[in-house]
Amino acid sequence: MANKADFAWMDGKIVPWEQATVHVATDLVLRGANVFEGMRGYWNEDLKELFIFKNAEHLKRLRQSARIMRMTIPYSDQELTDAFLALIKANNFQGGIHFRPVVYFGEGESNAYKPEEISTGVFIVAFARPHAKSIFAGVHSCTSTWRRNSDLAAPSRVKAGANYHNSRLAHVEARINGFSSPIMLNERGKVSEGPASCFMMVRDGVVVTPPVTADILESITRATLIDLCRAELGLEVVEREIDRSELYIADEAFFCGSGAEVTPVVSLDHYPFGDGEVGPITKRIQTLYFDVTGGRVPKYRHWLLPVYGRG
């Protein structure tokens, strides 16, 4: 079943969920012409407050995606932020949420991009999203036969809806074969990322992750974890290329992203990581991440935008 809520935001106004529609002839529908962000809000029960995580960073990446796609976003960052807050309050969320601002092309030709040639709209959908069970239990992964999009073809750096057909192929294949989210290699045969998340592994106490030049999304969660590992946990983090065979001798592994949060990977291609349980370093990283996003670490409150004004 699809996630839904009472209200959505559509081109400047809050509307009932059922009225958040676009025409079937839009470039959004016909060609998947959109860029978007996946954003999280974390609930602090003690404060009765909902915190949007790294709002400014997500808006910056949204504009970077739009720039590469030659899209003109018809709203300022402040207008979009005000829309986020208004929509969340309208839905009266009292728990963790996931929301997506989406910039899309309307009706027009496939090569149109100028504002006078093709309309450009924005909608925002938000819905309740508590932690998945896999966040704490871990997932069993596999190496996908599908390669990650090349920067020379459909750059993964652009968070565009059309790119996620590549992700869908990989994820459905993994599911059919009895696995959860897979690991994807790039055209060079090096580890890239998951279908909708970045990848990190631990070897001999060192956190290793593919570089941003490995055909990955420039993940905000990934960058956050790199900072926290170094500054708060005293862990060495290395960004470098990873061979497939190196995965099989890693001690721990996890996916990370706004949707995936910090999802432990307990096995890959039937090779267990460590003892096949969630690893101790992964647990430390996950605990710190949730403390930070939940507003329980004052040092990092500047990463958070309170929704209801109680935090």
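This passage describes the overall build of a predicted model and then looks at its salt bridges and a handful of individual residues.

The fold of the protein chain combines eight helices with 17 strands. Its radius of gyration is 19 Å, close to the 19 Å that the globule rule gives for 311 residues, so the chain is as compact as a globular protein of that length. Laid along its principal axes, the C-alpha trace spans about 55 × 45 × 35 Å. Of the 311 residues, 54% are buried. Contacts across the sequence are well represented: when pairs with a separation of 6 or more are considered, 70% of the contacts are between residues 24 or more positions apart.

The surface and the charges can be taken together. The accessible surface amounts to about 14300 Å², and carbon and sulfur atoms contribute 52% of that area. The chain carries 35 positive and 37 negative side chains. The centres of these two sets lie 1 Å apart.

Charged side chains also pair up directly, and the count of salt bridges comes to 17. One of them joins R63 to D77, with 2.6 Å between the closest N and O atoms. Because R63 belongs to helix α2 (residues 55-68) and D77 to helix α3 (residues 77-91), this pair ties together parts that are 14 residues apart in sequence. Both ends of the bridge can be placed with respect to solvent: R63 is partly exposed, at a relative accessible area of 29%, and D77 is also partly exposed, at 32%.

A further salt bridge links R240 with E246, again described by its N to O distance, here 2.6 Å. The two partners fall into separate accessibility classes. R240 has a relative accessible area of 31% and is therefore partly exposed, whereas E246, at 10%, counts as buried because the limit for that class is under 20%. Elsewhere in the chain, salt bridges with shared partners connect D151, R157 and E218 into one network. Within this network, R157 and D151 form a salt bridge whose closest N and O atoms are 3.4 Å apart. R157 is partly exposed, with 28% relative accessibility, and D151 is likewise partly exposed, with 39%.

Attention can now turn to single positions, beginning with V158. This residue sits in the loop that runs between β8 (139-141) and α5 (164-176). Although V158 is a loop residue, its relative accessibility is 4%, so V158 counts as buried. Which residues does V158 contact, leaving aside its neighbours within four places in sequence? The partners are V35, S65, I68, M69 and N163. Among them, S65 and I68 fall within the span of helix α2, residues 55-68, the helix that also holds R63 of the salt bridge with D77. A contrast in distance is offered by K133: V158 and K133 are 25 residues apart along the chain, and their C-alpha atoms are separated by 29 Å.

Two residues other than glycine deserve a look for their backbone geometry. K48 has a positive phi of about 55 degrees, and D215 has a positive phi near 65 degrees. Each is a loop residue. K48 is found between β4 (39-44) and β5 (49-53), while D215 is found between β12 (206-209) and α6 (220-231). Their surroundings can be set side by side as well: K48 is partly exposed, with a relative accessible area of 38%, but D215 counts as buried, at 8% relative accessibility.

The final position is K283, which has its place in helix α8 (residues 280-293). With a relative accessible area of 46%, K283 is partly exposed. How far apart are the C-alpha atoms of K283 and E187? They are separated by 32 Å, and the two residues lie 96 positions apart along the chain.

How values were computed: Residues are numbered from 1 along each chain as its sequence is written. This is a predicted model: local features need pLDDT of at least 70, side-chain atom pairs count only at pLDDT 80 or more; totals for chains, interfaces and linings use all residues. Side-chain values use heavy atoms; hydrogens and water are left out. Helices (H or I, at least four residues) and strands (E, at least two) are DSSP runs, numbered from the N terminus. The radius of gyration is taken over C-alpha atoms; the globule rule is 2.2 Å times the number of residues to the power 0.38. Buried means under 20% relative accessible area, exposed over 50%, partly exposed in between (1.4 Å probe, protein chains only). Contact means heavy atoms within 4.5 Å. Accessible areas come from the Shrake-Rupley method with a 1.4 Å probe; for residues, only the protein chains shown count as cover. Lys and Arg count as positive and Asp and Glu as negative; His and the chain ends are not counted. The place of a charge is taken as NZ of Lys, CZ of Arg, CG of Asp or CD of Glu. A salt bridge is a side-chain nitrogen of Lys or Arg within 4 Å of a carboxyl oxygen of Asp or Glu.
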